[in-house]
Amino acid sequence: MRQMLINGKFTNGNAKEEIEVQNPATEEIIDSVPRGTVEDIEAAVQAAKSAFDPWRKLGSNERASLLHEVANKVHEHREKIVHLLTLEEGKPLSENEEEVEWVINTFHYYAELGRHHRGSVLASGESSQFNFIIKEPYGVVGCIVPWNYPLLLLAWKVAPALAAGNTIVIKPSEMTPLTALYLAEHCFDGLPAGVINVVTGYGLETGEPLVKHPDVPVIAFTGSLATGQRIASLAAPMMKKLHLELGGKDATVIAEDADPEIAAKAVAYAALINAGQVCTSTERVYLPKNRAAKFTEAIVEQVKSLRLGSGLESTTDMGPMIGEPFRAKFEKQIADARASGAKILTGGGRPKHLEKGFFHEPTVLTGVDHTMVIMREETFGPAVPIMEYTSFDEAIQLTNDCQYGLGAVLISNDTKKIKQFFDDVKAGTIWINDPLTDNYAGPFGGMKYSGGARELGEEGLEEFRETKHVHWDFNMEDKGYWFPYGR
């Protein structure tokens, strides 16, 4: 059994039970972790609170050096991390290699950004006055990390929070805690005790106590809308800073000028990477009516060519879903669409050649509309629902007809359509011809029900710093605008 990290020591804490971690490709138990308690959250928060003052007062150069050291250690252990990540989460090795590379570079990026961003800036004032703005860390940041990118989304929170001078309590998903604990043991070991703590457990037993703790002023969470709303309701009485990256229902619009084969490959990648279990997965595809047949044929052929299997096999294009409840929910959406008149062109079931594991065939559907659950609610599974449009204005209207606003994709080289798309679509990230590509300096986050947080870029650093304005008058004298009036 792996142990939690609290105040620089690995421990079972107060846990009386274990949580078993399952390989989604084989359904085998690969390890276990402590089932953490509210007492463990209390110990971790107190450790982070004690470590905060020395950490925030550490020079930015010293903090940068320590963050670079974390990145270098992840690089040193990358092969073991990639293997473990594939075992517990299921993505193909190539996707996990990319995730770990992102972790390395995210720590390097924020090490330098934190080094060069000064904690104070000058503001204007009268000749006898000095005004300046101080950017300060909040204190203890609670990071609640999802299972679909358990290291990437950890790094996107932890690296900027540390660079800003905060300390951390991490609550990883109970389904994918092993890689977070591996980083704690092998890559965070150079940080002062208490700066990073990792408590494993279920949401009600460890996540909620972390959210409600009075000594945790910031909660950074990536996950479902429902859980984000629950966190917001718990945190509201204490006026906490919330950093919420929630669900998505991203659209890909294919314009008339697009090349069918290129468009098909873009759609398949955007919809089916990590078996569609990405917050920015394409979950709605809109095709021009007069070319829909050609585009649909190309998409079906591309999806049919994908190879399912264990992420450890180099020939695998798409791995399993994370667990049976998630696959069952996905199958329910497919069944609902079919019952409402949708037609399945390929996929639609569990692959017969893979008896073990939580696999599902990538599924292309036509005849869908916005009355169907699969076009309204987040799917988080390997589906490609296709709907036709008659004008580009209609395509934009359909794209915006959604409570979420995380991202949107356009496949086109028509400059007028491209500008209209990024002007009129309400989403945090707009991708033109290159879906789901992120940038260390480019802020990532959503609009509407997808949440208002931003990760990456300078905005990602600012999420973990609060602003203080200091007004200092050098002259201690009676001011003419003080009482009494009319003197």
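Modeller: Before we start, contact means heavy atoms within 4.5 Å. Bear in mind too that this is a predicted model.

Biologist: Fine. Which residues does Asn-23 touch, leaving out those up to four places away in sequence?

Modeller: Glu-28, Ile-30 and Leu-87. Asn-23 itself sits in the loop between β3 (18-22) and β4 (29-34).

Biologist: And why does Asn-23 count as buried?

Modeller: The cut-off for buried is under 20% relative accessible area. Asn-23 has 7% relative accessibility, so the label buried applies.

Biologist: How far apart are Asn-23 and Asn-105 in sequence and in space?

Modeller: They are 82 residues apart along the chain and 27 Å apart in space, C-alpha to C-alpha.

Biologist: Let's try Val-145, in the loop between β7 (140-144) and α5. How far is Val-145 from Thr-222, in sequence and in space?

Modeller: The sequence separation is 77 residues, while the C-alpha atoms are 6.0 Å apart.

Biologist: What makes Val-145 buried?

Modeller: Its relative accessible area is 5%, and anything under 20% is called buried, so Val-145 qualifies. Setting aside residues up to four places away in sequence, Val-145 touches Pro-150, Leu-153, Leu-154, Ile-170, Lys-171, Pro-172 and Ser-173.

Biologist: On to the helices. Why are α3 and α4 called oblique to each other?

Modeller: Helix α3 (residues 78-89) and helix α4 (residues 93-116) pack at an angle of about 125°, with axes 9 Å apart. Roughly perpendicular covers 65 to 115 degrees, and roughly antiparallel needs over 145. An angle of about 125° falls in neither range, so the pair is oblique. The crossing of α3 and α4 is right-handed.

Biologist: Which residues make that contact?

Modeller: From α3 it's Arg-78, Ile-81, Val-82, Leu-85, Thr-86 and Glu-89, and from α4 it's Leu-93, Asn-96, Glu-97, Glu-99 and Val-100. Sorted by class, the contact has 5 nonpolar, 2 polar and 4 charged residues.

Biologist: How would you describe α4 against α5, parallel or antiparallel?

Modeller: Helix α5 (residues 152-163) packs on α4 at an angle of about 15°, again with 9 Å between the axes. Under 35 degrees counts as roughly parallel, so that's the name for this pair. α4 passes α5 in a right-handed crossing.

Biologist: Which residues of α4 and α5 meet?

Modeller: On the α4 side there are Glu-99, Trp-102, Val-103, Thr-106, Phe-107, Tyr-110 and Gly-114. They meet Leu-152, Ala-155, Trp-156, Val-158, Ala-159, Pro-160 and Ala-163 of α5. By class, that contact has 11 nonpolar, 2 polar and 1 charged residues. Gly is classed as polar.

Biologist: Now α12. Which residues of α12 are buried?

Modeller: In helix α12 (residues 392-400) they are Phe-392, Ala-395, Ile-396, Leu-398 and Thr-399. Those buried residues are on the same side of α12, because they cover an arc of only 160° around the axis. On the other side, Asp-393 and Gln-397 are exposed.

Biologist: What covers the buried residues of α12?

Modeller: The cover includes β12 (250-254), β13 (282-288), β16 (383-389), β18 (407-411) and α13 (415-424).

Biologist: What makes you call helix α6 mostly covered?

Modeller: In α6 (residues 178-186), 7 of the 9 residues are buried. They are Leu-178, Thr-179, Ala-180, Leu-181, Tyr-182, Leu-183 and Ala-184.

Biologist: Some backbone oddities to finish. What is notable about phi of Phe-380?

Modeller: Phi is near 55°, a positive value in a residue other than glycine. Phe-380 lies in the loop between β15 (363-366) and β16. Its relative accessible area is 18%, which is under 20%, so Phe-380 still counts as buried.

Biologist: And what is phi of Leu-456?

Modeller: Near 70°, also positive in a residue other than glycine. Leu-456 is in the loop between β20 (447-448) and α14 (457-462). With 1% relative accessibility against a limit of 20%, Leu-456 is buried.

Biologist: Last one: what kind of peptide bond joins Phe-483 and Pro-484?

Modeller: A cis bond, with omega about 0°. Pro-484 belongs to the segment after β21 (465-473).

Conventions
Residues are numbered from 1 along each chain as its sequence is written. This is a predicted model: local features need pLDDT of at least 70, side-chain atom pairs count only at pLDDT 80 or more; totals for chains, interfaces and linings use all residues. Side-chain values use heavy atoms; hydrogens and water are left out. Buried means under 20% relative accessible area, exposed over 50%, partly exposed in between (1.4 Å probe, protein chains only). Helices (H or I, at least four residues) and strands (E, at least two) are DSSP runs, numbered from the N terminus. The arc is that of the directions from the helix axis to the C-beta atoms. Axes are lines fitted to C-alpha atoms, for helices over the stretch in contact, and angles run from 0 to 180 degrees between N-to-C directions. A crossing is left-handed if the near helix is turned anticlockwise from the far one by less than a right angle, and right-handed if clockwise.
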